[in-house]
Amino acid sequence: RIYLAEPTYGARRIRDELHKLGYKIGRNRVRRLMGIMGIEPIYPKPRLSIGAKEHKKYPYLLRDLEIKDSNQVWCTDITYIPLGTGHVYLTAVMDWSSRYVISWRLSNSMDESFCVDCLKDALEQEDRPGIFNTDQGSQFTGEAFTGVLKAHDIRISMDGKGRALDNVMIERLWRTVKYDDIYIRAYETMTELYQGLSAFFKKYNARKHQTLGMSPEQKYREGLERAKVV
């Protein structure tokens, strides 16, 4: 429970928390038990958001903005997924206010094409958002990606440099994906991962979200209906 609440904690800090709860346990035993359970603290993995100096950067448009409507803001990001003896990359497009995952894609490389394809999938499925937020990674600042946004008259917003919390909603999504599925399933092949994530995202969109009081899809659809009435 300590680890799930604070996934950055290593053996020393978990030991300290256990001491507060009255457990007499040493750091070595905590480390051994963590090994048996297959858990390790989250720490910075290979940098995924590497910018390109020649690409135009856009201002962050979400600061102090009240985001409460479906399709008001969409966001995207890339995360690193361990797979067997290697790794792959996952990207997704999510509606900010409802946490509804509109589209997602896997790739074994960091090429921008899978991010562009994911964006196009989302735009084919739903009406365009007013604002689209990304980080300053080269996959999102290049003309291939921003060109699609411009063609659909979507305002472009980008996180401030070094400000991970500017895209906090999708960062929370990655944590949910990893702790509710990836780390539990320990997928070995891309096929297994694709099938597993297909089931996960379907369940994620349909299950009740504690903060929302309803499922992300219900919240998203409700927002669209409210907009029609207005």
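In the predicted model, Met37 is exposed, with a relative accessible area of 60%. This value lies over the 50% that marks an exposed residue, and Met37 is therefore assigned to that class on its relative accessible area of 60%. Met37 belongs to helix α3, which covers residues 27-37. Together with Leu33 and Ile36, Met37 makes a nonpolar surface patch of about 320 Å². For the protein chain as a whole, the exposed area amounts to about 13,200 Å², of which 50% is supplied by carbon and sulfur atoms.

The loop between α3 and β1 contains Asp64, and Asn71 is placed in the loop between α3 and β1 as well. Each of these residues has a positive phi although neither is glycine: phi is near 65° for Asp64 and near 65° for Asn71. Their accessibilities fall into opposite classes. Asp64 is exposed, at a relative accessible area of 80%, whereas Asn71 counts as buried at 10% relative accessibility. The assignment of Asn71 follows because burial is defined as under 20% relative accessible area, and the value for Asn71 is 10%. Of the 230 residues in the protein chain, 46% are buried.

The secondary structure of the protein chain consists of nine helices and five strands. Read from the N terminus, the elements follow the order α-α-α-β-β-β-α-β-α-α-β-α-α-α. With respect to contacts in the protein chain between residues at least 6 apart in sequence, 62% join residues at least 24 apart.

The five strands form an open sheet with mixed pairing, in the order β3-β2-β1-β4-β5. Its edge strands are β3 (101-107) and β5 (155-158), each of which pairs on one side only. From one strand to the next, the twist averages 25°. Strand β2, comprising residues 86-95, runs antiparallel to β3 and is joined to β3 by six bridges. In this pairing, Leu90 has Leu106 of β3 as its bridge partner.

Two helices are placed across strands of this sheet. Helix α4 (residues 113-125) lies across β1 (73-83), β2, β3 and β4 (131-134), and runs at about 155° to β3. Helix α7 (residues 168-185) lies across β1, β2 and β3, with an angle of about 35° to β1.

Strand β3 also contains Ser107, a buried residue with a relative accessible area of 11%. Since burial requires under 20% relative accessible area, Ser107 is counted as buried because its value is 11%. Apart from neighbours within four places in sequence, the contacts of Ser107 are with Val88, Tyr89, Phe114 and Met190. The partner Met190 is 83 residues from Ser107 along the chain, and the C-alpha atoms of Ser107 and Met190 are separated by 9.1 Å.

Key:
Residues numbered from 1 in each chain as written. Predicted model: local features only at pLDDT ≥ 70, side-chain atom pairs only at ≥ 80, totals over all residues. Heavy atoms only, no water. Pairing = 2+ DSSP bridges. Helix = DSSP H or I, 4+ residues; strand = E, 2+ residues; numbered from the N terminus. Axes fitted to C-alpha atoms, helices over the stretch in contact; angles between N-to-C directions. Contact = heavy atoms within 4.5 Å. Patch = residues over 30% accessible without salt bridge, like charges linked within 9 Å, V, L, I, M, F, W, Y side chains within 5 Å. Areas by Shrake-Rupley, 256 points an atom, 1.4 Å probe, with all protein chains shown as cover. Salt bridge = Lys/Arg side-chain N within 4 Å of Asp/Glu carboxyl O. Buried < 20%, exposed > 50% of the residue type's maximum accessible area, 1.4 Å probe, protein only.
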